[in-house]
Amino acid sequence: MSSTGPLTDLAPGEAWLHPSPRLASMRRLEIAIATGVGALIVVAATAAAALAGSSGVILAGIAALVAVLAVGILGDWFAQRRVRAWAYLERDEDLLVQRGVMFSRLSVVPYGRMQFIDVVAGPIERVYGLATVRMHTAAAASDARIPGLPTDEAARLRDHLAKLGEGKAAGL
Amino acid sequence: MDQTGGASTPQESGTPPDLGLPPPGAPLESGTWHRLHPLSPVIRAGRVLLGLAAVAAGALFSGGQEGRNGLLGRVPFLGIVIVIGVVAWLVTRWRIEGGDLRIETGLIRRQSLRFPLKQIQAIDIVRPALARVFGLSELRLRTGGSAGAAGRLAYLTAGEAERYRIQLLALARGSSEVPLPGSLPAPDRGLVTVPVGRLVASILISGIAVVAVVLLVALIVVRAVAPAAVAPILGSSVPIGIGLLTVLWRRLNGGFKLTVADSPDGLRLSSGLLETSAETIPSGRIQAVEMIEPLLWRPLGWVRLEVDVAGRHRREGENAPEGHQLRAVLPVGTREEAERLLAHLLPEAPWERSPAPRRARFKSPLRYHNLAWGRNQRYAVTTTGRLARVTSWIPLGKLQSLRLVQGPLQRRLQLATIHLDTAGRNLHSAIRDRDSAEARTALSELTELARVERHSANHPRSGPPTPDHAAPPPVEGETAGRGATPAGN
C-alpha cells in the first residue's frame with residue numbers, strides 16, 4: 001500500500017498492485033539516452049560553430065549543455081514520480097488502473113467490456129524483462145494500460161483478464 | 001410522402017416484382033444464392049458520371065478549353081467504370097446461412113464477407129436519386145466495431161429491400177421464423193415529423209450559413225475596393241463554395257421530411273429529398289442520445305436531438321451523405337418534441353441535473369454556466385458546451401469504461417471530472433468539474449449501477465417488446481458471436 005495517488009482511497013484497504021521497480025530504472029535509462037543525444041547535438045553544433053570561427057560560441061554551448069542536462073534531470077524527477085503513481089487493482093467485476101501525478105487518472109474498466117488485451121514489449125522494455133498490458137474496449141476513449149509489468153506477470157494478467165472478460169461479456 | 005410510403009409498404013410501391021411475393025420465409029431461409037439487381041452497375045456508373053460532371057463544371061469555370069479537353073479524356077474512363085461494374089455485378093452473390101449474412105464478391109480478389117445477424121446494430125435502406133428513378137434501393141447493415149465494413153446490398157428493388165429488411169431484423173432478434181408477408185407492413189406509429197419550413201430556417205441560421213454569408217460579404221467588399229481582384233478570388237473560392245453548398249445540401253436532404261416512427265422492429269427513421277434513406281435502429285441499440293442547443297437557435301427555442309449507434313455509419317467515399325455516426329432523429333424541433341422523443345428513445349431518462357459548484361468558473365469560464373449532471377438508476381445525463389449547450393443521456397448499461405481525471409488546477413479547486421466512455425469515437429460525454437468528494441462517490445455509484453444494468457441486459461427478465469412473435473429473448477452474452485467475432489461486437 002505505498003500508493004502515492006490521491007484517488008486510491010476509492011478502494012481503501014485493497015491490495016493495489018504496482019509496476020515492477022525496474023520500471024523506474026528503465027525510465028531513467030530512457031531519459032538518460034534522450035539527454036545524451038541532446039547533449040551530443042549541442043556539443044557537435046558548438047564545435048562546428050567554433051571551427052567556423054564565431055567568438056563566444058563556447059560559452060553559449062556550455063549554457064545550452066547545462067540547460068539540456070537540467071531538462072534531463074527535471075524530466076527524470078517527473079518520470080520517477082509518475083512511475084510511483086501507477087497502480088492497478090483487480091476487483092470482482094472490473095479493473096481499476098490509476099496513473100499520473102499532475103493529471104491523476106483513475107480508469108474503471110469492467111471485465112465484460114474488454115474487447116481484447118494487448119501485451120507489448122519494446123526493445124528497451126525487453127532488456128529489462130518488462131511489458132505493457134493494454135486493455136481495449138469498444139470505446140476509443142477508454143485507454144487503460146499498465147506499463148512496466150514483469151513479463152510473467154503481464155502474461156498472467158492478460159490470461160486472467162481474458163478469462164474474466166469471456167465469462168462476463170456483455171453485448172453492446 | 002410517396003417515397004416513405006413506398007419504402008414502408010411494398011404493395012404501394014408499384015414495382016411489379018413485389019406483387020408475386022414468394023411463400024413465407026422462402027427466399028431467406030432456403031440458403032440459396034441471390035443476385036443483386038441487374039441495373040446496379042448502371043446506377044454505380046451514373047454516380048461516377050455525376051462526379052465527373054461536377055469536376056467538369058469546376059474545370060470549365062476556371063480552365064476553359066483546357067477543362068473541356070480534360071473532360072473528353074475522361075470519357076473512356078466512364079466506359080471502364082461500366083465494364084468494371086458489370087463484372088462486379090456478375091461475381092457478386094449473397095445468401096443467409098446459419099444466422100449469418102454472407103456476401104461473396106470480387107473477381108480477382110475474391111472476398112467473402114460474413115455478417116452475424118445477431119450483431120446488427122441497425123439496418124438502413126438508402127435510395128440515391130438515380131436509384132429511385134429505377135425503383136431500386138440499397139440495403140445496409142451496420143454492425144458494431146468502429147473499423148468494421150458495412151454490409152451493403154446494392155441494389156435491390158424497393159420491395160425486396162423492404163422485405164429483406166424486415167426478415168433480417170427478425171433473424172437478428174433471434175426469432176427463427178420469418179414474419180408472414182401478410183403482416184409485413186409494420187404498424188408504424190409516427191412520433192415526430194419536421195416541417196420543411198422550419199428545417200430550411202434552421203439551416204439558414206446555422207453556423208455554416210453564417211460563414212457563407214461572411215464570405216459573400218467579404219467578396220462584395222473586395223469587389224467594391226479592388227474590382228480587379230474579384231475574378232481570381234472567385235476562381236479559387238469555387239471549391240470552397242461547392243464544399244459549403246454540399247454541406248448545406250446534405251443537411252437539407254438528411255433532414256427533409258424526416259419522420260421518426262415506432263415499429264415492432266425498433267425505431268424507424270426515414271428522410272430525404274432526392275436521396276431517401278430509411279433506417280431502422282433495433283430497440284436497445286442506442287448508445288447515447290445527445291440534445292444540442294446551438295447559440296443561434298436559442299432565441300427560437302429550437303433543439304437538435306441525435307442518437308449514437310455503435311458502428312460505422314457510412315463507408316468512406318461510397319456516396320457518404322453523412323460523415324458522422326450520430327444520426328439526427330430530430331434535426332430541428334421544439335423542446336417539447338425533444339422531450340417526447342427522448343422519453344420514447346430512453347424511457348425514464350432523467351432531466352433533473354445539479355449544476356457544477358461555483359468555483360468551477362475558474363477552471364471552465366466558458367462552460368461553467370452549462371455544466372450540470374444528474375442520474376437515475378438507469379441513465380446518466382450530463383450537460384456541457386461553450387457556445388452550444390450539449391446535453392447527453394447515456395444508458396448506464398452501455399458504459400464501456402469510466403475515468404476519473406483531476407488536473408492540477410482542478411486539484412487546487414478540489415474539483416474532478418468523470419469521463420463516461422461509450423462505444424464509438426464521436427460522442428464524448430463527461431461529468432465535468434464536480435466537487436472531488438462528490439465525483440468519487442459518483443464514480444463508485446455509477447460503476448455499481450452500470451454493473452447492475454449490464455447484468456440485467458445479459459439476463460433479461462422478460463422477452464423483448466414484440467408481442468406478435470413468440471421470439472426467445474436475445475441471449476447476447478452467451479451466443480452473440482463471442483467465438484465468431486470477439487472484437488467486432
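Start with how contacts in chain A spread along the sequence: of those joining residues at least 6 apart, 51% link residues at least 24 apart. Keep in mind that this is a predicted model.

What does chain A look like in terms of secondary structure? It has four helices and six strands, and reading along the sequence gives the pattern α-α-β-β-β-β-α-β-β-α.

On overall dimensions, a compact globule of 172 residues would come out near 16 Å in radius of gyration, but chain A has 21 Å. Put a box around the C-alpha atoms of chain A, along the principal axes, and you get roughly 70 × 30 × 30 Å.

Here are some whole-chain values for chain A in one place:

| Property of chain A | Value |
|---|---|
| Share of the 172 residues that count as buried | 41% |
| Accessible surface | about 8500 Å² |
| Share of that surface on carbon and sulfur atoms | 65% |
| Distance between the mean positions of the positive and negative charges | 6 Å |

The charge entry rests on 17 positive and 15 negative charges in chain A.

Over in chain B, strand 13 is worth a look. This strand spans residues 327-334 and is mostly covered, with seven of its eight residues buried. Which way does strand 13 of chain B run against strand 12 of chain B, parallel or antiparallel? The two pair in the antiparallel sense, over five bridges, with strand 12 covering residues 302-309. One pairing to pick out on screen is B:V307, whose bridge partner in strand 13 of chain B is B:R327. As a general point when viewing strands, side chains in a regular strand alternate between the two faces of the sheet.

Methods:
Residues numbered from 1 in each chain as written. Chains lettered and ligands numbered in written order. Predicted model: local features only at pLDDT ≥ 70, side-chain atom pairs only at ≥ 80, totals over all residues. Heavy atoms only, no water. Rg over C-alpha atoms; globule rule 2.2 N^0.38 Å. Buried < 20%, exposed > 50% of the residue type's maximum accessible area, 1.4 Å probe, protein only. Contact = heavy atoms within 4.5 Å. Areas by Shrake-Rupley, 256 points an atom, 1.4 Å probe, with all protein chains shown as cover. Lys, Arg positive; Asp, Glu negative; His and termini not counted. Charge placed at Lys NZ, Arg CZ, Asp CG, Glu CD. Pairing = 2+ DSSP bridges.
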